[in-house]
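Morning, everyone. Please have a look at the chain on the screen, and then I'll walk you through it.

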Amino acid sequence: MPFAVYVLGLAVFAQGTSEFMLSGLVPGIAADLGVSVPAAGLLTSAFAVGMVVGAPSMTLAARRWPRRRGLLVFLCAFVAVHVAGALTGSYAVLLATRVAAALANAGFWAVALAAATALVPPESRARATSVVVGGVTVACVAGVPAGALLGGQFGWRAAFWAVAAVSVPAVVAVARTVPDDRPAAPSARGELRALADRGLLRVLAVNALFQGATFCSFTYLATLVTEVTGLASEWVPGMLALFGAGSFAGVVIAGRVADRHPGALIAVGMSSAAIGWAVLALAAGNVAATVALVFAQGMLAFGTGPALIARVLARGAAAPTLAGGYATAAFNVGGAVGPWLGGAAIGAGLGYRSPVWASAVLMALAVTLAATSAGTPPWRTRSARAGSRAYGRARWGGRTSRTGP
(Lines give C-alpha, C1' and ligand atoms only; values in the text may rest on other atoms or scores of the structure.)
Protein backbone atom coordinates (compact mmCIF):
# COMPACT_ATOMS: atom_id res chain seq x y z
CA MET A 1 0.00 0.00 0.00
CA PRO A 2 1.54 3.37 -1.00
CA PHE A 3 2.64 5.56 1.91
CA ALA A 4 0.44 8.39 0.58
CA VAL A 5 -2.67 6.35 1.38
CA TYR A 6 -1.62 6.16 5.04
CA VAL A 7 -0.98 9.92 4.99
CA LEU A 8 -4.58 10.43 3.90
CA GLY A 9 -5.66 8.22 6.80
CA LEU A 10 -3.68 10.44 9.20
CA ALA A 11 -5.47 13.55 7.95
CA VAL A 12 -8.84 11.81 8.28
CA PHE A 13 -7.87 10.89 11.87
CA ALA A 14 -7.49 14.59 12.75
CA GLN A 15 -10.73 15.48 11.02
CA GLY A 16 -12.63 12.60 12.61
CA THR A 17 -11.41 13.71 16.03
CA SER A 18 -12.77 17.20 15.34
CA GLU A 19 -16.11 15.85 14.17
CA PHE A 20 -16.80 13.70 17.24
CA MET A 21 -14.89 15.40 20.07
CA LEU A 22 -17.55 18.04 20.77
CA SER A 23 -19.68 15.48 22.63
CA GLY A 24 -17.26 15.83 25.56
CA LEU A 25 -16.69 19.59 25.20
CA VAL A 26 -20.26 20.94 25.08
CA PRO A 27 -20.56 21.82 28.81
CA GLY A 28 -17.25 23.70 28.81
CA ILE A 29 -18.12 25.61 25.62
CA ALA A 30 -21.54 26.55 27.00
CA ALA A 31 -20.05 27.86 30.26
CA ASP A 32 -17.19 29.74 28.58
CA LEU A 33 -19.26 31.46 25.89
CA GLY A 34 -22.32 32.09 28.05
CA VAL A 35 -24.80 30.06 26.00
CA SER A 36 -27.13 27.21 26.89
CA VAL A 37 -26.08 23.59 26.62
CA PRO A 38 -28.58 22.96 23.76
CA ALA A 39 -27.11 25.95 21.89
CA ALA A 40 -23.62 24.53 22.34
CA GLY A 41 -24.95 21.18 21.14
CA LEU A 42 -26.00 22.84 17.87
CA LEU A 43 -22.31 23.05 17.02
CA THR A 44 -22.42 19.29 16.38
CA SER A 45 -25.53 19.59 14.21
CA ALA A 46 -23.93 22.45 12.25
CA PHE A 47 -20.93 20.24 11.47
CA ALA A 48 -23.17 17.39 10.28
CA VAL A 49 -25.20 19.69 8.02
CA GLY A 50 -22.02 21.22 6.65
CA MET A 51 -20.71 17.75 5.81
CA VAL A 52 -23.88 16.75 3.96
CA VAL A 53 -24.03 19.98 1.95
CA GLY A 54 -20.29 20.28 1.50
CA ALA A 55 -19.53 16.81 0.19
CA PRO A 56 -21.01 17.28 -3.30
CA SER A 57 -20.62 21.07 -3.50
CA MET A 58 -16.95 21.22 -2.48
CA THR A 59 -16.12 18.26 -4.70
CA LEU A 60 -17.85 19.96 -7.62
CA ALA A 61 -15.88 23.15 -7.02
CA ALA A 62 -12.55 21.29 -6.96
CA ARG A 63 -13.31 18.63 -9.55
CA ARG A 64 -10.75 19.87 -12.10
CA TRP A 65 -8.02 20.72 -9.62
CA PRO A 66 -4.96 18.49 -9.36
CA ARG A 67 -5.69 16.16 -6.46
CA ARG A 68 -2.73 17.28 -4.37
CA ARG A 69 -3.82 20.91 -4.71
CA GLY A 70 -7.38 20.06 -3.70
CA LEU A 71 -6.24 18.08 -0.65
CA LEU A 72 -3.92 20.87 0.47
CA VAL A 73 -6.51 23.61 0.02
CA PHE A 74 -9.10 21.75 2.07
CA LEU A 75 -6.62 20.66 4.73
CA CYS A 76 -5.13 24.14 5.17
CA ALA A 77 -8.62 25.62 5.41
CA PHE A 78 -9.45 23.00 8.06
CA VAL A 79 -6.40 24.04 10.11
CA ALA A 80 -7.18 27.75 9.74
CA VAL A 81 -10.77 27.52 10.96
CA HIS A 82 -9.70 25.47 14.00
CA VAL A 83 -7.20 28.17 14.92
CA ALA A 84 -9.97 30.77 14.51
CA GLY A 85 -12.30 28.67 16.65
CA ALA A 86 -9.70 28.31 19.39
CA LEU A 87 -9.16 32.08 19.47
CA THR A 88 -12.73 33.37 19.30
CA GLY A 89 -14.86 34.47 22.21
CA SER A 90 -18.02 34.64 20.08
CA TYR A 91 -20.52 31.81 19.82
CA ALA A 92 -21.61 33.02 16.36
CA VAL A 93 -18.03 32.94 15.08
CA LEU A 94 -17.47 29.49 16.58
CA LEU A 95 -20.65 28.24 14.90
CA ALA A 96 -19.43 29.65 11.57
CA THR A 97 -16.05 27.93 12.01
CA ARG A 98 -17.77 24.59 12.59
CA VAL A 99 -19.69 24.94 9.33
CA ALA A 100 -16.50 25.98 7.52
CA ALA A 101 -14.58 23.07 9.06
CA ALA A 102 -17.29 20.67 7.89
CA LEU A 103 -17.16 22.04 4.34
CA ALA A 104 -13.37 21.62 4.29
CA ASN A 105 -13.64 18.15 5.84
CA ALA A 106 -16.26 17.07 3.30
CA GLY A 107 -14.17 18.30 0.38
CA PHE A 108 -11.06 16.60 1.71
CA TRP A 109 -12.91 13.31 2.30
CA ALA A 110 -14.27 13.23 -1.24
CA VAL A 111 -10.94 14.03 -2.90
CA ALA A 112 -9.06 11.67 -0.53
CA LEU A 113 -11.28 8.72 -1.43
CA ALA A 114 -10.74 9.35 -5.14
CA ALA A 115 -7.00 9.88 -4.66
CA ALA A 116 -6.54 6.75 -2.53
CA THR A 117 -8.27 4.49 -5.06
CA ALA A 118 -6.30 6.09 -7.92
CA LEU A 119 -3.01 5.32 -6.16
CA VAL A 120 -3.56 1.55 -6.15
CA PRO A 121 -4.47 -1.11 -8.72
CA PRO A 122 -8.16 -2.00 -9.04
CA GLU A 123 -7.86 -5.17 -6.93
CA SER A 124 -6.67 -3.10 -3.94
CA ARG A 125 -9.20 -0.28 -3.97
CA ALA A 126 -11.37 -1.55 -1.12
CA ARG A 127 -8.27 -1.97 1.05
CA ALA A 128 -7.16 1.59 0.25
CA THR A 129 -10.62 2.83 1.18
CA SER A 130 -10.36 0.91 4.47
CA VAL A 131 -7.06 2.64 5.30
CA VAL A 132 -8.61 6.07 4.75
CA VAL A 133 -11.77 5.24 6.72
CA GLY A 134 -9.54 3.67 9.37
CA GLY A 135 -8.56 7.20 10.36
CA VAL A 136 -12.08 7.63 11.76
CA THR A 137 -11.80 4.47 13.84
CA VAL A 138 -8.47 5.58 15.31
CA ALA A 139 -10.15 8.90 16.11
CA CYS A 140 -12.86 7.03 18.02
CA VAL A 141 -10.29 4.95 19.93
CA ALA A 142 -7.70 7.62 20.71
CA GLY A 143 -8.52 11.04 19.32
CA VAL A 144 -11.94 11.63 20.87
CA PRO A 145 -10.96 10.48 24.40
CA ALA A 146 -7.76 12.53 24.15
CA GLY A 147 -9.74 15.59 23.08
CA ALA A 148 -12.12 15.13 26.02
CA LEU A 149 -9.14 14.77 28.40
CA LEU A 150 -7.50 17.93 27.04
CA GLY A 151 -10.79 19.80 27.31
CA GLY A 152 -11.26 18.70 30.89
CA GLN A 153 -7.72 19.61 31.95
CA PHE A 154 -6.99 22.75 29.94
CA GLY A 155 -10.32 23.92 28.55
CA TRP A 156 -12.13 23.22 25.31
CA ARG A 157 -9.83 25.50 23.29
CA ALA A 158 -6.92 23.14 23.93
CA ALA A 159 -8.73 20.42 22.00
CA PHE A 160 -9.13 22.75 19.01
CA TRP A 161 -5.43 23.65 19.13
CA ALA A 162 -4.54 19.94 19.29
CA VAL A 163 -6.59 19.13 16.16
CA ALA A 164 -4.86 21.95 14.28
CA ALA A 165 -1.45 20.76 15.47
CA VAL A 166 -2.06 17.14 14.43
CA SER A 167 -3.19 18.34 10.99
CA VAL A 168 0.04 20.23 10.25
CA PRO A 169 2.20 17.10 9.72
CA ALA A 170 -0.53 15.80 7.41
CA VAL A 171 -0.25 18.98 5.32
CA VAL A 172 3.49 18.46 4.92
CA ALA A 173 3.10 14.76 4.16
CA VAL A 174 0.37 15.30 1.58
CA ALA A 175 2.53 17.93 -0.17
CA ARG A 176 5.41 15.46 -0.39
CA THR A 177 3.72 12.14 -1.14
CA VAL A 178 0.49 12.60 -3.08
CA PRO A 179 1.00 12.83 -6.88
CA ASP A 180 -0.12 16.08 -8.43
CA ASP A 181 -2.15 14.36 -11.12
CA ARG A 182 -5.15 16.12 -12.61
CA PRO A 183 -8.19 13.82 -12.82
CA ALA A 184 -9.83 13.40 -16.21
CA ALA A 185 -13.24 14.80 -15.28
CA PRO A 186 -16.27 14.72 -17.58
CA SER A 187 -18.65 17.66 -17.63
CA ALA A 188 -20.30 18.66 -14.37
CA ARG A 189 -23.71 18.08 -15.93
CA GLY A 190 -22.65 14.58 -16.93
CA GLU A 191 -21.45 13.77 -13.42
CA LEU A 192 -24.65 15.11 -11.86
CA ARG A 193 -26.65 12.99 -14.31
CA ALA A 194 -25.07 9.93 -12.71
CA LEU A 195 -27.53 10.43 -9.85
CA ALA A 196 -30.25 9.33 -12.26
CA ASP A 197 -28.76 5.82 -12.04
CA ARG A 198 -31.17 3.98 -9.76
CA GLY A 199 -28.48 1.46 -8.86
CA LEU A 200 -26.23 4.24 -7.54
CA LEU A 201 -29.11 5.78 -5.59
CA ARG A 202 -29.86 2.41 -4.01
CA VAL A 203 -26.25 1.93 -2.94
CA LEU A 204 -26.20 5.46 -1.48
CA ALA A 205 -29.43 4.76 0.41
CA VAL A 206 -27.99 1.50 1.75
CA ASN A 207 -24.91 3.42 2.92
CA ALA A 208 -27.05 6.04 4.69
CA LEU A 209 -29.19 3.39 6.42
CA PHE A 210 -26.10 1.41 7.44
CA GLN A 211 -24.34 4.45 8.94
CA GLY A 212 -27.58 5.59 10.57
CA ALA A 213 -27.81 2.24 12.36
CA THR A 214 -24.21 2.52 13.53
CA PHE A 215 -24.39 6.05 14.92
CA CYS A 216 -27.89 5.63 16.36
CA SER A 217 -26.57 3.13 18.93
CA PHE A 218 -23.05 4.54 19.27
CA THR A 219 -24.41 7.96 20.26
CA TYR A 220 -26.42 6.50 23.14
CA LEU A 221 -24.02 3.74 24.13
CA ALA A 222 -23.17 5.54 27.39
CA THR A 223 -26.79 5.58 28.55
CA LEU A 224 -27.28 1.94 27.52
CA VAL A 225 -24.24 0.90 29.55
CA THR A 226 -25.22 2.83 32.68
CA GLU A 227 -29.02 2.62 32.61
CA VAL A 228 -29.60 -0.87 31.19
CA THR A 229 -26.41 -2.86 31.74
CA GLY A 230 -26.03 -1.30 35.17
CA LEU A 231 -22.34 -0.42 34.98
CA ALA A 232 -20.88 2.61 36.72
CA SER A 233 -20.18 5.73 34.67
CA GLU A 234 -16.44 5.01 34.97
CA TRP A 235 -16.99 2.13 32.54
CA VAL A 236 -18.24 4.41 29.76
CA PRO A 237 -14.85 5.51 28.34
CA GLY A 238 -13.72 1.89 28.29
CA MET A 239 -16.84 0.74 26.46
CA LEU A 240 -16.48 3.53 23.90
CA ALA A 241 -12.84 2.55 23.41
CA LEU A 242 -13.93 -1.10 23.07
CA PHE A 243 -16.28 -0.15 20.25
CA GLY A 244 -13.43 1.79 18.66
CA ALA A 245 -11.07 -1.17 19.04
CA GLY A 246 -13.61 -3.40 17.33
CA SER A 247 -13.93 -0.81 14.57
CA PHE A 248 -10.19 -0.78 14.02
CA ALA A 249 -10.05 -4.58 13.93
CA GLY A 250 -12.89 -4.61 11.40
CA VAL A 251 -11.12 -2.14 9.12
CA VAL A 252 -7.87 -4.12 9.22
CA ILE A 253 -9.47 -7.51 8.63
CA ALA A 254 -12.05 -6.47 6.06
CA GLY A 255 -9.53 -4.40 4.13
CA ARG A 256 -7.74 -7.61 3.20
CA VAL A 257 -10.93 -9.41 2.20
CA ALA A 258 -13.06 -6.77 0.51
CA ASP A 259 -11.19 -6.64 -2.79
CA ARG A 260 -11.36 -10.41 -3.30
CA HIS A 261 -14.88 -11.11 -2.00
CA PRO A 262 -16.73 -7.77 -1.81
CA GLY A 263 -20.22 -9.13 -2.33
CA ALA A 264 -19.85 -11.83 0.31
CA LEU A 265 -18.32 -9.38 2.79
CA ILE A 266 -21.16 -6.90 2.37
CA ALA A 267 -23.89 -9.54 2.55
CA VAL A 268 -22.47 -11.29 5.62
CA GLY A 269 -21.48 -8.05 7.33
CA MET A 270 -24.85 -6.35 6.91
CA SER A 271 -26.87 -9.42 7.91
CA SER A 272 -24.68 -10.05 10.95
CA ALA A 273 -24.90 -6.40 12.00
CA ALA A 274 -28.71 -6.48 11.82
CA ILE A 275 -28.82 -9.61 13.98
CA GLY A 276 -26.18 -8.20 16.34
CA TRP A 277 -28.12 -4.99 17.08
CA ALA A 278 -31.26 -7.00 17.84
CA VAL A 279 -29.34 -9.38 20.14
CA LEU A 280 -27.68 -6.44 21.92
CA ALA A 281 -31.10 -4.85 22.51
CA LEU A 282 -32.30 -8.09 24.09
CA ALA A 283 -29.12 -8.92 26.06
CA ALA A 284 -28.05 -5.44 27.17
CA GLY A 285 -28.81 -6.30 30.80
CA ASN A 286 -25.99 -8.87 30.80
CA VAL A 287 -22.49 -7.43 31.28
CA ALA A 288 -20.57 -10.17 29.47
CA ALA A 289 -22.93 -10.16 26.50
CA THR A 290 -22.82 -6.38 26.25
CA VAL A 291 -19.02 -6.29 26.30
CA ALA A 292 -18.77 -8.94 23.58
CA LEU A 293 -21.45 -7.39 21.39
CA VAL A 294 -20.09 -3.84 21.64
CA PHE A 295 -16.76 -5.06 20.27
CA ALA A 296 -18.44 -7.23 17.61
CA GLN A 297 -20.76 -4.47 16.41
CA GLY A 298 -17.88 -2.03 16.12
CA MET A 299 -16.01 -4.60 14.05
CA LEU A 300 -19.00 -5.26 11.78
CA ALA A 301 -19.84 -1.58 11.38
CA PHE A 302 -16.43 -0.40 10.27
CA GLY A 303 -15.49 -3.66 8.60
CA THR A 304 -18.46 -3.49 6.24
CA GLY A 305 -18.72 0.29 5.87
CA PRO A 306 -15.58 0.81 3.72
CA ALA A 307 -16.70 -1.94 1.34
CA LEU A 308 -20.01 -0.13 0.91
CA ILE A 309 -18.18 3.13 0.24
CA ALA A 310 -15.96 1.38 -2.30
CA ARG A 311 -19.11 0.07 -3.94
CA VAL A 312 -20.41 3.63 -4.33
CA LEU A 313 -17.14 4.61 -6.03
CA ALA A 314 -17.40 1.63 -8.37
CA ARG A 315 -21.06 2.16 -9.14
CA GLY A 316 -20.47 5.89 -9.64
CA ALA A 317 -17.74 5.41 -12.25
CA ALA A 318 -19.65 7.80 -14.53
CA ALA A 319 -18.98 10.51 -11.92
CA PRO A 320 -15.31 9.91 -11.08
CA THR A 321 -14.86 13.15 -9.14
CA LEU A 322 -18.31 13.47 -7.55
CA ALA A 323 -18.69 9.82 -6.49
CA GLY A 324 -16.55 10.44 -3.41
CA GLY A 325 -18.76 13.42 -2.56
CA TYR A 326 -21.89 11.30 -2.90
CA ALA A 327 -20.41 8.63 -0.61
CA THR A 328 -19.39 11.24 1.97
CA ALA A 329 -22.83 12.84 1.92
CA ALA A 330 -24.56 9.47 2.39
CA PHE A 331 -22.23 8.65 5.31
CA ASN A 332 -23.14 11.91 7.05
CA VAL A 333 -26.85 11.69 6.32
CA GLY A 334 -26.76 8.48 8.30
CA GLY A 335 -24.58 10.12 10.95
CA ALA A 336 -27.17 12.87 11.41
CA VAL A 337 -30.41 10.89 11.09
CA GLY A 338 -29.35 7.94 13.26
CA PRO A 339 -28.70 9.92 16.48
CA TRP A 340 -31.86 11.97 15.89
CA LEU A 341 -33.94 8.79 15.57
CA GLY A 342 -32.39 7.29 18.70
CA GLY A 343 -33.06 10.47 20.67
CA ALA A 344 -36.64 10.58 19.42
CA ALA A 345 -37.17 7.00 20.57
CA ILE A 346 -35.87 7.79 24.05
CA GLY A 347 -37.91 11.01 24.16
CA ALA A 348 -41.04 9.02 23.29
CA GLY A 349 -40.57 7.01 26.48
CA LEU A 350 -39.49 3.79 24.77
CA GLY A 351 -36.52 3.31 27.10
CA TYR A 352 -32.77 3.26 26.74
CA ARG A 353 -32.78 0.06 24.70
CA SER A 354 -34.85 1.76 22.00
CA PRO A 355 -31.91 3.28 20.05
CA VAL A 356 -30.47 -0.22 19.65
CA TRP A 357 -33.82 -1.50 18.41
CA ALA A 358 -33.90 1.44 16.03
CA SER A 359 -30.47 0.38 14.77
CA ALA A 360 -31.77 -3.13 14.16
CA VAL A 361 -34.71 -1.73 12.16
CA LEU A 362 -32.45 0.54 10.09
CA MET A 363 -30.15 -2.40 9.34
CA ALA A 364 -33.11 -4.58 8.38
CA LEU A 365 -34.19 -1.88 5.93
CA ALA A 366 -30.64 -1.67 4.55
CA VAL A 367 -30.48 -5.45 4.05
CA THR A 368 -33.88 -5.46 2.35
CA LEU A 369 -32.94 -2.62 0.02
CA ALA A 370 -29.62 -4.28 -0.84
CA ALA A 371 -31.41 -7.55 -1.58
CA THR A 372 -33.76 -5.82 -4.02
CA SER A 373 -30.69 -4.49 -5.84
CA ALA A 374 -29.42 -7.99 -6.63
CA GLY A 375 -30.14 -7.55 -10.34
CA THR A 376 -27.93 -4.48 -10.77
CA PRO A 377 -24.54 -4.71 -12.51
CA PRO A 378 -21.96 -6.68 -10.51
CA TRP A 379 -19.32 -5.29 -8.15
CA ARG A 380 -16.58 -5.65 -10.72
CA THR A 381 -17.29 -4.73 -14.30
CA ARG A 382 -14.11 -6.35 -15.48
CA SER A 383 -11.68 -8.91 -14.16
CA ALA A 384 -8.98 -8.05 -11.68
CA ARG A 385 -6.40 -9.15 -14.24
CA ALA A 386 -7.72 -6.72 -16.84
CA GLY A 387 -7.81 -4.00 -14.21
CA SER A 388 -4.21 -4.74 -13.25
CA ARG A 389 -3.09 -4.50 -16.87
CA ALA A 390 -4.82 -1.14 -17.21
CA TYR A 391 -3.28 0.07 -13.99
CA GLY A 392 0.13 -0.96 -15.27
CA ARG A 393 -0.38 1.38 -18.22
CA ALA A 394 -1.29 4.30 -15.95
CA ARG A 395 1.14 7.21 -15.95
CA TRP A 396 2.06 9.29 -12.91
CA GLY A 397 4.55 12.07 -12.29
CA GLY A 398 2.14 14.99 -12.78
CA ARG A 399 0.27 13.55 -15.77
CA THR A 400 -3.27 12.34 -15.87
CA SER A 401 -3.80 8.80 -14.63
CA ARG A 402 -6.06 6.71 -16.80
CA THR A 403 -7.18 3.25 -15.86
CA GLY A 404 -9.34 2.69 -18.91
CA PRO A 405 -8.34 0.52 -21.85
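How many salt bridges does a search of the whole structure find? One. The side chains of R157 and D32 meet there, at 2.9 Å from N to O. This pair links distant parts of the chain. R157 sits in helix α7, residues 156-177. D32 sits in helix α2, residues 26-33. The two are 125 residues apart.

Is that pair shut away from solvent? Let's take each partner in turn. R157 has 23% relative accessibility, so R157 counts as partly exposed, since buried would need under 20%. D32 has 43%, so D32 also falls in the partly exposed class, because exposed would need over 50%.

Now, a caution. This is a predicted model. The mean pLDDT of the chain is 79, and 84% of the residues reach 70 or more. Where is confidence highest, and where is it lowest? Highest is helix α4, residues 67-87, at a mean of 92. Lowest is helix α16, residues 384-392, at 36. Over residues 377-405, pLDDT stays under 50. For that stretch the model has 47 contacts beyond four places in sequence.

On to the overall build. The chain has 16 helices and zero strands. Of its 405 residues, 52% are buried. Take the contacts with a separation of 6 or more: 84% of them join residues 24 or more positions apart.

Next, the inside. The largest nonpolar core has 104 residues. Which of them touch the most other members? L8, I29, L71 and F108. Helix α5, residues 91-118, gives the most to this core, with 13 residues. The core also draws at least three residues from each of domain 1, 1-181, and domain 2, 195-375.

Stay with F108 for a moment. Leaving aside neighbours within four places in sequence, F108 is in contact with L8, A11, V12, Q15, L71, F74 and L75. L8 and L71 are on that list, and both are also among the core members with the most partners.

Last stop, helix α15, residues 354-372. This helix has 19 residues and reaches 27 Å from its first C-alpha to its last, close to the 27 Å expected. Which of its residues are buried? S354, P355, V356, A358, S359, A360, L362, M363 and A366. What covers them includes α9, α10, α12 and α14.

An α-helix has 3.6 residues a turn, so residues three or four places apart point the same way. Keep that in mind as you look down the helix.

That's my tour. Over to you.

Conventions:
Residues numbered from 1 in each chain as written. Predicted model: local features only at pLDDT ≥ 70, side-chain atom pairs only at ≥ 80, totals over all residues. Heavy atoms only, no water. Helix = DSSP H or I, 4+ residues; strand = E, 2+ residues; numbered from the N terminus. Expected span 1.5 Å × (residues − 1). Buried < 20%, exposed > 50% of the residue type's maximum accessible area, 1.4 Å probe, protein only. Contact = heavy atoms within 4.5 Å. pLDDT = per-residue confidence, 0-100. Salt bridge = Lys/Arg side-chain N within 4 Å of Asp/Glu carboxyl O. Core = buried A, V, L, I, M, F, W, Y, C linked by side-chain atoms within 4.5 Å. Domains from an automatic or database assignment.
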